[in-house]
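Hi there,

Here is the structure I promised to pass along. Have a look first, and then read on for what turned up.

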Amino acid sequence: TWTMVNIVDEAVHDIQAKIGGKRVVCALSGGVDSAVAGALVQRAVGNQLTCVFVDGGLLRKGEAEQVERDFVAAMGVELVVVDAVDQFLDALKGVEDPEQKRKIIGREFIRTFEQAAREIVEKAGADGEAVEFLVQGTLYPDVVESGGGEGAAVIKSHHNVGGLPDDLQFALVEPLRWLFKDEVRRVGEQLGLPPEMVWRHPFPGPGLAIRIVGEVNRDNLDILREADAIAREEVTAAGLDSEIWQFPVVLLAGVRSVGVQGDGRTYGHPIVLRPVTSEDAMTADWGRLPYDLLERISTRITNEVRQINRVVVDVTSKPPGTIEWE
Ligand code: XMP
């Protein structure tokens, strides 16, 4: 029978056959797919694997730390963390167009990752080994969408890069290319990844950058991170994480409205709550969160995040709306 143990054993066997004694690099995004792909390769070839986490400053509260702490603790894997926050934010300065944001983030990610991989090569070179393989968390639906077949797979970058530069000479290892998302999660559990990592909601590669309508800068990111953390905390406390597919929280940085907070008139920004239910993100419905939960989120955000004086709920399905606002 086709059990999780079989799937893991078979994947481990394939990876070992492919990689042999060479070195392999895996870019962790903080998401489920790259974590499970990395964990499988780790199970197969142990310390021949080096993971790279590029911190562009666009993750949610606590997530960068979670990658560093929990993934390493669970897997005992060698991890190189690159702090590229200044570089990413410099490149995003003044940019408001969503596609432009994606391009910039993809470019900066590749640039940083390449540099890190080069350093790993140099270091390994000293021990007489070369880095040869790059792990990608490509799933079966990505393979199908791109026309199937070995070699035909689009490189599914967690930053929607659409491809790596030609001069980055890595062969790809895609241990998840026969799996669907629910199977990936079960493999992750089987490998001992922490449940918080395995059951995370999908999160876009460009991260919070596409949840700020307006400029991505430190102030806006801080505001959004706080509001988002409150929304997540309350949904979790209400026990509703598994009832929703995703819950984007969006900062309308370019919009201001008048409010009254404490003793005075304020002129702050609105925050949009966008909980959705979905099977596959192709279509979605707006999530019917209980009113008392919405009230708690709204009260806490307007109390705890000074710059926010209004909380609104997005009740648009997809189509016509998309899940994200950008
Ligand atoms: P939309 O907003 O198009 O999103 O309804 C559908 C799904 O894709 C995610 N998404 C992205 N994921 N890079 C990603 O890796 C992106 O640029 C990107 N844009 C949207 C979104 O979170 C949802 O799960």
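At roughly what angle do the axes of helix α1 and helix α2 cross? Before the answer, please keep in mind that this is a predicted model.

The two helices

Helix α1 covers residues 4-19 and helix α2 covers residues 32-45. Their axes come within 8 Å of each other and cross at roughly 70°. Angles from 65 to 115 degrees count as roughly perpendicular, so α1 is roughly perpendicular to α2. The crossing of the pair is right-handed.

If you would like to see where they touch, α1 brings A11, V12, I15, Q16 and I19 to the contact, while α2 brings L40, V41, R43, A44 and V45. By type, the residues of this contact between α1 and α2 are 8 nonpolar, 1 polar and 1 charged.

The domains

The protein is split into domain 1, residues 4-198, and domain 2, residues 217-313. Where the two domains meet, 4 residues come from domain 1 and 6 residues from domain 2. On the side of domain 1 that touches domain 2, you will find 1 nonpolar, 1 polar and 2 charged residues.

The ligand

You may want to look at the ligand too: 13 residues surround it. The closest of them are P204, G205, T322, I323 and E324. Sorted by type, the shell around the ligand has 5 nonpolar, 5 polar and 3 charged residues.

Happy browsing, and best wishes!

Terms used. Residues are numbered from 1 along each chain as its sequence is written. This is a predicted model: local features need pLDDT of at least 70, side-chain atom pairs count only at pLDDT 80 or more; totals for chains, interfaces and linings use all residues. A residue is near a molecule or strand if its C-beta atom, placed from the backbone, lies within 6 Å of it. Ala, Val, Leu, Ile, Met, Phe, Trp, Tyr, Cys and Pro count as nonpolar, Asp, Glu, Lys and Arg as charged, and the others, Gly among them, as polar. Axes are lines fitted to C-alpha atoms, for helices over the stretch in contact, and angles run from 0 to 180 degrees between N-to-C directions. Helices (H or I, at least four residues) and strands (E, at least two) are DSSP runs, numbered from the N terminus. Angles under 35 degrees count as roughly parallel, over 145 as roughly antiparallel, 65 to 115 as roughly perpendicular and the rest as oblique. A crossing is left-handed if the near helix is turned anticlockwise from the far one by less than a right angle, and right-handed if clockwise. Two residues are in contact if their C-beta atoms, placed from the backbone, lie within 7 Å. Domain bounds come from an automatic or database domain assignment.
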